[in-house]
Amino acid sequence: MNMHKPTAPPRILSLCIDDFGQSPGIAAAVVQLAQAGRISAVSCMSNVPGWQRDAPLLRTLPPSVAIGLHLNLTDGAPLSTNLSRSWPRLPSLPRLMLRAHLHLLPRNALQHEIAAQWQAFVAATGRSPDFVDGHQHVHHLPGVRDAMLAVFDALQVQPAVRSTARVLGPGYAVKRGLIAGAGGFALRRALVRRGLRHNPALLGVYDFRNTDYRSLMRGWLARLPSEGGLVFCHPGTLQGLDADDAHPAARTRELSYLASAGFLQDLSDAGVVLGNAWCRVAVPNPGPAVSEMSTSG
């Protein structure tokens, strides 16, 4: 008689690199890690100058890597004429958040901008995005999320969307709470109502100054729920990063770890496999570390 205890099924982790298109160093890291089978997804900024340069590299990625749109409303200039009339340059994140929560955003112009970024993605790749999220999580802000969902309706599309409602640790509870409370809860309710696929949990929050990225990843893997989740990351090669990149050391540390044998060992030790963690089910409410700071956002 077999007395061995049955093993639990592996938990699924979507590992997504953000900011593709921002610099050649980020694009190089995406290609390296994707071809080595180390990532699940890449999120692309289609309104930055480097998008046209880097987009052809996406054709070299394995079909298992999901390719999404990283809506950008805080870096550079708008793509659409409609938004450019109001904002010749995109606002900083604090200014965008303030306007969003005061309900002062130009929603119609935002719809044109989101549609323009979608169409720029399609024009360069020949396909619709597999998923949509936001640079600095702007897609969940009041006004922005409504404009985004209105664009989905107008285009008659149903991409997966990154949920920011259940942001798990370890550590950085204040930052995680701010992300979830700034609009994550309201976005998740909208996604569930519409039956749009989304990640059950979000991980990857830290201050970019912590030099022990392996320890951080081990913590995220330990807290990955049974239904899976998504870790967002920002690796890049030092050669090819923009001179004004805010986190060059963090990008190279992340790349070094994700390309290492240690990352594969950590996945195996945690009983985690890389894959697609998008689902349509509602997920549990956040624990006490991340309370629902605002339900009206």
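The backbone oxygen of Gly-275 sits 2.9 Å from a polar atom of the Ser-14 side chain, a polar contact (a pair of N or O atoms within 3.5 Å; within protein, one must be able to donate a hydrogen and the other to accept it, and residues adjacent in sequence count only if both atoms are side-chain atoms). This is a predicted model, where local features need pLDDT of at least 70, side-chain atom pairs count only at pLDDT 80 or more, and totals for chains, interfaces and linings use all residues. Residues are numbered from 1 along each chain as its sequence is written, and side-chain values use heavy atoms, with hydrogens and water left out.

**Around Ser-14**

- The side chain of Ser-14 also has a polar atom 2.9 Å from the backbone nitrogen of Ala-277.
- You'll find Ser-14 in strand β1, residues 11–20 (helices, H or I, of at least four residues and strands, E, of at least two are DSSP runs, numbered from the N terminus).
- Ser-14 counts as buried because its relative accessibility is 5% (buried means under 20% relative accessible area, exposed over 50%, partly exposed in between, with a 1.4 Å probe and protein chains only).
- Leaving aside residues up to four places away in sequence, Ser-14 touches Ser-40, Gly-229, Leu-230, Val-231, Gly-275, Asn-276 and Ala-277 (contact means heavy atoms within 4.5 Å).

**Strand β7 and its partners**

- Strand β7 covers residues 229–233, and 5 of the 5 are buried, so β7 is largely enclosed by the rest of the structure.
- Gly-229, Val-231 and Cys-233 cover one side of β7, while Leu-230 and Phe-232 are buried on the other.
- β1 and β7 run parallel, joined by 5 bridges (two strands pair if DSSP finds at least two bridges between them).
- Strand β6, residues 202–203, is also parallel to β7, with 2 bridges.
- Leu-230 of β7 is the bridge partner of Ser-14, and of Leu-202 too.
- Put β6, helix α8 (residues 213–223) and β7 together and you get a right-handed β-α-β unit (right-handed if, with the strands pointing away from the viewer, the path from the first strand over the helix to the second runs clockwise).

**Helix α5**

- Helix α5 has 19 residues, 107–125, and its end C-alpha atoms are 27 Å apart, which agrees with the 27 Å it should span at 1.5 Å a residue (expected span is 1.5 Å times one less than the number of residues).
- Among the buried residues of α5 are Leu-110, Ile-114, Trp-118 and Phe-121.
- The buried residues of α5 pack against several elements, including β2 (41–44), β3 (66–71) and α6 (144–155).
- Right after α5 comes Gly-126, with a positive phi near 75°.
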